[in-house]
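Work through the exercises below with the sequence and the model side by side, and try each task before reading its solution.

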Amino acid sequence: MIYLIISYGAFVIGQNTKQVYVIYQNQVIDSFPTGTRAVPNYLINFSDTFVIVNSGGFFDDGSIAFVKNKNIINEILLPSFMNPLEAVKVNDKIYFTDFGDVFNNKIYIIQNFQIVDSIIVYKRPSSITYCFGYIFSTSTGINSDYSYDDSSFVHKINPMNNNVLNLKVRSNANGVKCDNNYVYVMTSGTYDNNFNPLNNSTI
């Protein structure tokens, strides 16, 4: 799955191989490691540095890895109760969502390769982006037993003071992107224990 496209090519995460593959003109021309922990989920870059979110999957713990010149320059090893999904850079800080191994309701803030703060949101935050001077994140509303609340939330966060405005949407909001003057939120709907859909997804 392609997470980042830039002018000279694309970077693709290989979850099973723990590699980021560099694609140029329809060819894989290079690769670099995603960190020591399993299941890389998300990739962002700034300047010449990549930040890779490793969720850990079901059998490992997660991490946030920083890669420069194809080398891991720092890796924040996360405790077992965390399950990070996505990240965004705002000024000199990295904000990442934590779905939680069992449950979590926080977005964590990294500065100078350390977790320095967190923001309380709603149940199991997932997607995150930055636009129009604000951070937008979704919380799925999924409980620790994987049942669903009747609604979920989009959070509009002011990065100057971490104040949060909560906007209620349908169940299982787990994708957010911005375009022009609009913020688009995807809700995936709800599912039974066999992953059969119980209601429709919406954007």
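**Exercise 1: The chain as a whole**

Task: Determine what share of the contacts with a separation of 6 or more comes from residues 24 or more positions apart, and describe the overall build of the protein chain.

Solution: In this predicted model, residues 24 or more positions apart account for 32% of the contacts in the protein chain that have a separation of 6 or more. The next step is to go through the secondary structure, which comes to zero helices and 18 strands. The radius of gyration is 17 Å, close to the 17 Å that the globule rule gives for 203 residues, so the chain is as compact as a globular protein of that length. Along its principal axes the C-alpha trace spans about 45 × 40 × 35 Å. Turning to the surface, the accessible area of the protein chain comes to about 10,800 Å², and 50% of it belongs to carbon and sulfur atoms, while buried residues make up 45% of the 203 residues.

**Exercise 2: A four-stranded sheet**

Task: Establish the strand order of the open sheet that contains β9, β10, β11 and β12, and identify its edge strands.

Solution: The four strands follow one another in the order β9-β10-β11-β12, with antiparallel pairing. The edges are β9 (84-90) and β12 (114-120), each of which pairs on one side only. Neighbouring strands of this sheet are turned by 25° against each other on average, with direction ignored. Within the sheet, β10 (residues 93-98) and β11 (residues 106-111) are joined by four bridges in the antiparallel sense, and T97 has I107 in β11 as its bridge partner.

**Exercise 3: The hairpin of β13 and β14**

Task: Describe how β13 is covered and how β13 is joined to β14.

Solution: Begin with cover: six of the seven residues of β13 (residues 125-131) are buried, which leaves this strand mostly covered. Then consider the pairing, in which β13 and β14 (residues 134-139) run antiparallel and are joined by five bridges; T129 has F136 in β14 as its bridge partner. Finally, inspect the turn: the hairpin has two residues between the strands, and F132 takes a positive phi near 55°.

**Exercise 4: The setting of P40**

Task: Decide whether P40 is buried or exposed, and state how far P40 lies from Q19 in sequence and in space.

Solution: P40 belongs to strand β5, which covers residues 40-46. Because the relative accessible area of P40 is 0%, P40 counts as buried, the cut-off being under 20%. Although P40 and Q19 are 21 residues apart in sequence, their C-alpha atoms are 8.4 Å apart in space.

Methods. Residues are numbered from 1 along each chain as its sequence is written. This is a predicted model: local features need pLDDT of at least 70, side-chain atom pairs count only at pLDDT 80 or more; totals for chains, interfaces and linings use all residues. Side-chain values use heavy atoms; hydrogens and water are left out. Buried means under 20% relative accessible area, exposed over 50%, partly exposed in between (1.4 Å probe, protein chains only). Two strands pair if DSSP finds at least two bridges between them. Axes are lines fitted to C-alpha atoms, for helices over the stretch in contact, and angles run from 0 to 180 degrees between N-to-C directions. The radius of gyration is taken over C-alpha atoms; the globule rule is 2.2 Å times the number of residues to the power 0.38. Contact means heavy atoms within 4.5 Å. Accessible areas come from the Shrake-Rupley method with a 1.4 Å probe; for residues, only the protein chains shown count as cover.
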